[in-house]
Amino acid sequence: MSEKEVEKNEELEVEETEATEEVEASQEELLQAKVDELEDQYLRARAEIANITNRNRNEREQLQKYRSQDLGKKLIPVIDNLERAMETEVADDQGQSLKKGVEMTLESLRHALKEEGIEEIKADGEAFDPNLHQALQTMPAEDGVAADTIIQVLQKGYKLHDRVLRPAMVIVAQ
């Protein structure tokens, strides 16, 4: 072989080596890009699972906290009726005994609802709050009574923790 052929072969080998290195570098870049993409997908999936878990936990806590809501709404009219029964006047001993039984039932029911987090909304003499009270009527404010103050409760309101089951129906001074 002549010197020129040897140089040409060496040049071809160098070009071939450079081309191979370029191909390997290109493949390495593609692999790294794919690894980065898969890592990003993994991190996003992991974050999504964490979000679902937190959302699930929050929903369970809300369900637990407000589990008595439907029962409370059904029992509020019962309390109203028992309170009306307590307002009746009785003259004989049998009526007094019956009234005492109604009173004990009412107190037992109130205690059970309180244990579940259901309580009466304070209204009489309080400042009117449209989130807790429903104004059915307004009356002119009398001496010593500030405007937007509740002067009479027509129907008691109840709430479960921070959620209103039934607003108090009231008359407000204006």
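A residue counts as buried when its relative accessible area is under 20%, as exposed when that value is over 50%, and as partly exposed in between. Arg 166, at 14% relative accessibility, is therefore buried. Keep this residue in mind as you look at the structure, which is a predicted model.

**The sheet and its helix**

Let's start with the strands. An open sheet is built from three of them, in the order β1-β4-β5, with antiparallel pairing. The edges belong to β1 (118–120) and β5 (163–166); each has a single partner strand, so one side of each has no neighbour in the sheet. From one strand to the next, the twist averages 35 degrees. Strand β4 covers residues 158–160 and pairs with β5 over three bridges. Here Arg 166 appears again: this residue of β5 is the bridge partner of Tyr 158.

Helix α2 (residues 69–87) packs on this sheet and touches β1, β4 and β5. The direction of α2 makes about 45 degrees with that of β5.

**Salt bridges**

The model has seven salt bridges. Three of them are set out here, with the distance between nitrogen and oxygen.

| Pair | N to O distance |
|---|---|
| Asp 80 and Arg 166 | 2.7 Å |
| Glu 83 and Lys 156 | 2.9 Å |
| Arg 110 and Glu 107 | 2.9 Å |

Which parts of the chain does the pair of Asp 80 and Arg 166 link? Asp 80 sits in helix α2 and Arg 166 in strand β5, distant parts that are 86 residues apart. Asp 80 is buried, with a relative accessible area of 9%, and Arg 166 is buried as well, at 14%.

Helix α2 also supplies Glu 83, while its partner Lys 156 lies in the loop between β3 (150–155) and β4, so this pair ties together parts 73 residues apart in sequence. Is each partner buried or exposed? Glu 83 is buried at 12% relative accessible area, whereas Lys 156 is partly exposed at 26%.

The pair of Arg 110 and Glu 107 stays within one element: both residues lie in helix α3, three residues apart, about one turn of the helix. Arg 110 is partly exposed at 30%, and Glu 107 is partly exposed at 41%. Salt bridges also join Glu 83, Glu 107, Arg 110, Glu 120 and Lys 156 into a network.

**One more residue in α3**

Lys 100 is also found in helix α3 (residues 93–115). Lys 100 is partly exposed, with a relative accessible area of 46%. Its C-alpha atom is separated by 8.7 Å from that of Met 86, and the two residues are 14 apart along the chain.

Terms used: Residues numbered from 1 in each chain as written. Predicted model: local features only at pLDDT ≥ 70, side-chain atom pairs only at ≥ 80, totals over all residues. Heavy atoms only, no water. Pairing = 2+ DSSP bridges. Helix = DSSP H or I, 4+ residues; strand = E, 2+ residues; numbered from the N terminus. Axes fitted to C-alpha atoms, helices over the stretch in contact; angles between N-to-C directions. Contact = heavy atoms within 4.5 Å. Buried < 20%, exposed > 50% of the residue type's maximum accessible area, 1.4 Å probe, protein only. Salt bridge = Lys/Arg side-chain N within 4 Å of Asp/Glu carboxyl O.
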